[in-house]
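Visitor: Could you take me through this model and explain, term by term, what justifies the words used for it?

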Amino acid sequence: MEQVRLGTSGLKVSRVCLGMMSYGDPASREWFLGEDAAEPIVRRAVEGGVTFFDTADMYSLGKSEEITGRLLPRFFARRDDYVLATKVYFPMSDAPNDRGLSRKHVMASIDASLRRLGVEYVDLYQIHRWDYETPIEETMEALHDVVKAGKARYIGASSMYAWQFAKAQHVAATKFVSMQNHYNLVYREEEREMIPLCLDQGVGCIPWSPLARGLLAGNRERGGERRTVRAGSDPLAESMYEDADFDVVDAVRKVASERGVPPARIALAWLMGRPGVAAPIIGATKLGHMDDALAAADIELSAEEIARLEAPYRPHPVLGHS
C-alpha cells in the first residue's frame, strides 16, 4: 500500500487508517468486538499494508486502547514500524477534571493512554473536540509540553469550526499536523472552509465516518430499514443522515454496479481522491470491510464518475462538532 505524507509534515502514513473504536467491550455496544474477534481483522489490515491505527481514550473507556496495545506488537517487529494515534477530550469518569482539554486533564490523559497502550509514545496525539471551557492557549501549551516530553511525536485535532482551528494554530508553539474531520460523499460541508484551510496550511485530513456510518455501504434503506446490527443500534446516525441522502447512495450504487464492485469501494475511492485527504479512518468489524478498504485504494474514478457521484449532494447543517 502507498505511504503518503501526513500533510506537509515528515510523517508517512498508509493510505488507509484502521480505526480501533469498534474493538472494545461487547457489553457496552452490540457491534463492538473483543480482542479475539478483532485480531483477524487487524491481521488482514497489516497484511494489506496498513501501518496507521487510530483510537481514543474514551472508546469503551480505555478498552480500545488496551486491545490496540496488545494486538499491534503481534504484527510489527518494531514500534517504529507503525503509526499510532489516540485522542483526548471526552469524559473518562464523573470527576470534574477527568474531561476536556485543561492542562490537568491533558497531562493525566496522555500518561493514562500510554499505560493502556503499553508504549512510551504515540505518534499522533489529537484533541477529540473543541473545549469551550478551557482557553486554547492553555491547551496548546500543554500539547507542546507533551511533545517536548517525548510522549507524542505530533499533534492533531478533530471536528471543529475552521476559525477555531485557525486560532489554535495561531497560538501554538507546536502546531497541529492533521485534522480528523467528518467528511464523506453525503456530508461535504468541510469543503467550504476547513479543507481549504488545511490545504493552505499543509495539514493532512484523516476523515472519520468515510462511509457515513455505513449508509454509503448499504446498511440502511429509505424508510428506515436497517440491515446490520450497528445500523439498528446507532442513534447518532439517525440524527445525522436523512432519507434525502439516499439520492447520493443511489448514485454510488449505480457506479459500483457498472464496475462490478461493492458500493463501499466506490465511496472510499472518491474520498481518497479528494484534495488534502491523506487516509480515511476505516471502521471494520468484518474481514470484508477491510477488504473493501484495501481494494478502494487501487480504484481510480473517472471525471465523469466523480461528477455523477457528486451531483445529488444537498447541503447539510454542521454535523459532528459535538
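Visitor: Why is Arg15 called buried?

Guide: In this predicted model, Arg15 has a relative accessible area of 12%, and because buried means under 20%, Arg15 falls in that class. Arg15 is found in the loop between β2 (12–14) and β3. Leaving out residues up to four places away in sequence, Arg15 touches Met1, Glu2 and Val4, and also Met272, Gly273, Val277, Ala278, Ala279 and Pro280. From C-alpha to C-alpha, Arg15 and Tyr183 are 16 Å apart in space, with their positions 168 residues apart in sequence.

Visitor: What makes Ser64 count as buried?

Guide: The relative accessibility of Ser64 is 0%, and the cut-off for the term is under 20%, so Ser64 counts as buried. Ser64 has its place in helix α2, where, neighbours within four places in sequence aside, Ser64 is in contact with Met20, Met21, Tyr23, Gly24, Thr55 and Tyr59.

Visitor: Why are α1 and α2 called oblique to each other?

Guide: The axes of helix α1 (residues 35–47) and helix α2 (residues 63–75) cross at roughly 45 degrees and come within 10 Å. Angles under 35 degrees count as roughly parallel and 65 to 115 as roughly perpendicular, and since roughly 45 degrees belongs to neither range, the two helices are therefore described as oblique. The crossing in which α1 passes α2 is right-handed.

Visitor: Which residues of α1 and α2 meet?

Guide: From α1 come Glu35, Ala38, Glu39, Val42, Arg43 and Val46, and these meet Ile67, Arg70, Leu71, Leu72, Arg74 and Phe75 of α2. Sorted by class, this contact has 7 nonpolar and 5 charged residues, with no polar ones.

Visitor: What makes β9 and β10 edge strands in the sheet?

Guide: The open sheet has 8 strands in the order β9-β8-β7-β6-β5-β4-β3-β10, with parallel pairing. β9 and β10 (281–283) each have a single partner strand, so one side of each is left without a neighbour in the sheet.

Visitor: How do you know that β3 and β4 pair?

Guide: Pairing calls for at least two bridges between two strands, and strand β3 (residues 17–19) and strand β4 (residues 52–54) have 3 bridges, in the parallel sense, so the criterion is met. Within this part of the sheet, Gly19 stands opposite Asp54 in β4.

Visitor: What makes β7 and β8 largely enclosed?

Guide: In strand β7 (residues 152–158), 5 of the 7 residues are buried, so β7 is largely enclosed by the rest of the structure. In strand β8 (residues 176–180), 5 of the 5 residues are buried, so that strand too is described as largely enclosed. Strand β6 (residues 122–127) runs parallel to β7 and is joined to it by 5 bridges, with Tyr125 standing opposite Ile155 in β7. On β8, which is parallel to β7 and joined to it by 4 bridges, Gln180 is the bridge partner of Ser158.

Visitor: Why is Gln169 called buried?

Guide: Its relative accessible area is 9%, and as the term requires a value under 20%, Gln169 is buried. Gln169 lies in helix α5 (residues 162–171) and, not counting residues up to four places away in sequence, touches Lys175, Phe176 and Val203. Gln169 and Arg44 are 125 residues apart in sequence, and their C-alpha atoms are 37 Å apart in space.

Visitor: What makes the phi of Ser209 and of Arg213 worth pointing out?

Guide: Phi of Ser209 is near 55 degrees, which is a positive value in a residue other than glycine, and Arg213, also not a glycine, has a positive phi of about 55 degrees. Ser209 has its place in the loop between β9 (204–205) and α7 (235–240), and Arg213 lies in the loop between β9 and α7 as well. With a relative accessible area of 11%, Ser209 is buried, and Arg213, at 13%, is buried too, because the cut-off is under 20%.

Visitor: How do you know that α9 is largely enclosed?

Guide: Helix α9 (residues 263–272) has 8 buried residues out of 10, so α9 is largely enclosed by the rest of the structure. The buried residues are Ala264, Ile266, Ala267, Leu268, Ala269, Trp270, Leu271 and Met272, and what covers them includes α8 (246–259), β10, α10 (287–296) and α11 (303–310).

Note on methods
Residues numbered from 1 in each chain as written. Predicted model: local features only at pLDDT ≥ 70, side-chain atom pairs only at ≥ 80, totals over all residues. Heavy atoms only, no water. Axes fitted to C-alpha atoms, helices over the stretch in contact; angles between N-to-C directions. Parallel < 35°, antiparallel > 145°, perpendicular 65-115°, else oblique. Left-handed = near helix turned anticlockwise from the far one by under 90°. Contact = heavy atoms within 4.5 Å. Nonpolar A, V, L, I, M, F, W, Y, C, P; charged D, E, K, R; others polar. Buried < 20%, exposed > 50% of the residue type's maximum accessible area, 1.4 Å probe, protein only.
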